[in-house]
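Please walk through the model below, starting with its pocket and moving on to its nonpolar cores.

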Amino acid sequence: DAGTRPTWRRALTISPVAPELRAVEKRPFGIYAIIGLFLVVATGAALDILRIRSGYPSRLVEQIAIFLRDGTTLNALSHWLVRDDQILLFINIAIIGLTLTTSLGLWFRRQEAWVASMILVGIGLGFNIWVYLVGKPLFFSMLINVSAVFYLNERSVQLSFERGQPAGEAS
């Protein structure tokens, strides 16, 4: 009789799943926003390399580059610490490499990318606090970095990075 089936068979077919893990395949929107933020930082560094190597092709490109340099903490930090263009060139190449690598890792939900994001955003927050104490606050940049830290530390986001191994990879 169907009503007297053993409950252990039903128990094997129904496995409880935490609500945060039900949509593992879908990336949270905030990850796209943080990837976008890192790509803006990389663009600012690339425009600074353009300035160092050959100058800006137009006044508009120069204004965009200055806006990006002053609006993104990693780019602004390098200009506050270093005045030599050759050293800035290498720093900008490192910024581009770090942000693109971290962006790819975030896309593939690698836990190392989450850690790298926290470090990069933490550097940005430290710089924001420093310029605030100096008297030249970057409020918009500070808001973005604080929002990124809170978002990356949400439990559901952390869980998506803990389980973010690609399907064919064994861990």
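**Pocket and cores**

Five helices of this predicted model each supply at least two residues of the lining of the largest pocket: α2 (29–53), α3 (59–71), α4 (73–81), α6 (111–134) and α7 (139–152). The volume of this pocket is about 320 Å³. Its lining has 18 residues, and L37, G71, T72, S141 and I144 are the closest to the pocket centre. By type, the lining consists of 12 nonpolar residues, five polar and one charged.

Helix α7 also holds N145. With a relative accessible area of 6%, N145 falls under the 20% limit and therefore counts as buried. Beyond its neighbours within four places in sequence, N145 is in contact with T73, V121, G124, L125 and N128.

The largest nonpolar core is made up of 18 residues, and those touching the most other members are I31, I34, F38, L106, L152, V157 and F161. Helices α2, α5 (85–107), α6, α7 and α8 (155–162) each contribute at least two residues to this core. The largest share, six residues, is that of α2.

L106 can be followed in more detail. Residues up to four places away in sequence aside, L106 touches I31, I34, I35, F38, A113, W114, S117 and F161. Another core lies apart from the largest one; it has five residues, including I49, I52, V82 and L89.

Helices α2, α6 and α7 thus appear in both lists: each supplies at least two residues to the pocket lining, and each supplies at least two to the largest nonpolar core.

Terms used:
Residues are numbered from 1 along each chain as its sequence is written. This is a predicted model: local features need pLDDT of at least 70, side-chain atom pairs count only at pLDDT 80 or more; totals for chains, interfaces and linings use all residues. Side-chain values use heavy atoms; hydrogens and water are left out. On a 1 Å grid over the protein atoms alone, a cavity is a set of points where a 1.4 Å probe fits but cannot get out, and a pocket is an open set with protein on both sides within 12 Å along at least five of seven lines; lining residues have an atom within 4 Å of a point. Grid points are joined across faces, edges and corners, and a volume is the space filled by probe spheres set on the points. Helices (H or I, at least four residues) and strands (E, at least two) are DSSP runs, numbered from the N terminus. Ala, Val, Leu, Ile, Met, Phe, Trp, Tyr, Cys and Pro count as nonpolar, Asp, Glu, Lys and Arg as charged, and the others, Gly among them, as polar. Buried means under 20% relative accessible area, exposed over 50%, partly exposed in between (1.4 Å probe, protein chains only). Contact means heavy atoms within 4.5 Å. A nonpolar core is a set of buried Ala, Val, Leu, Ile, Met, Phe, Trp, Tyr and Cys residues joined through side-chain atoms within 4.5 Å.
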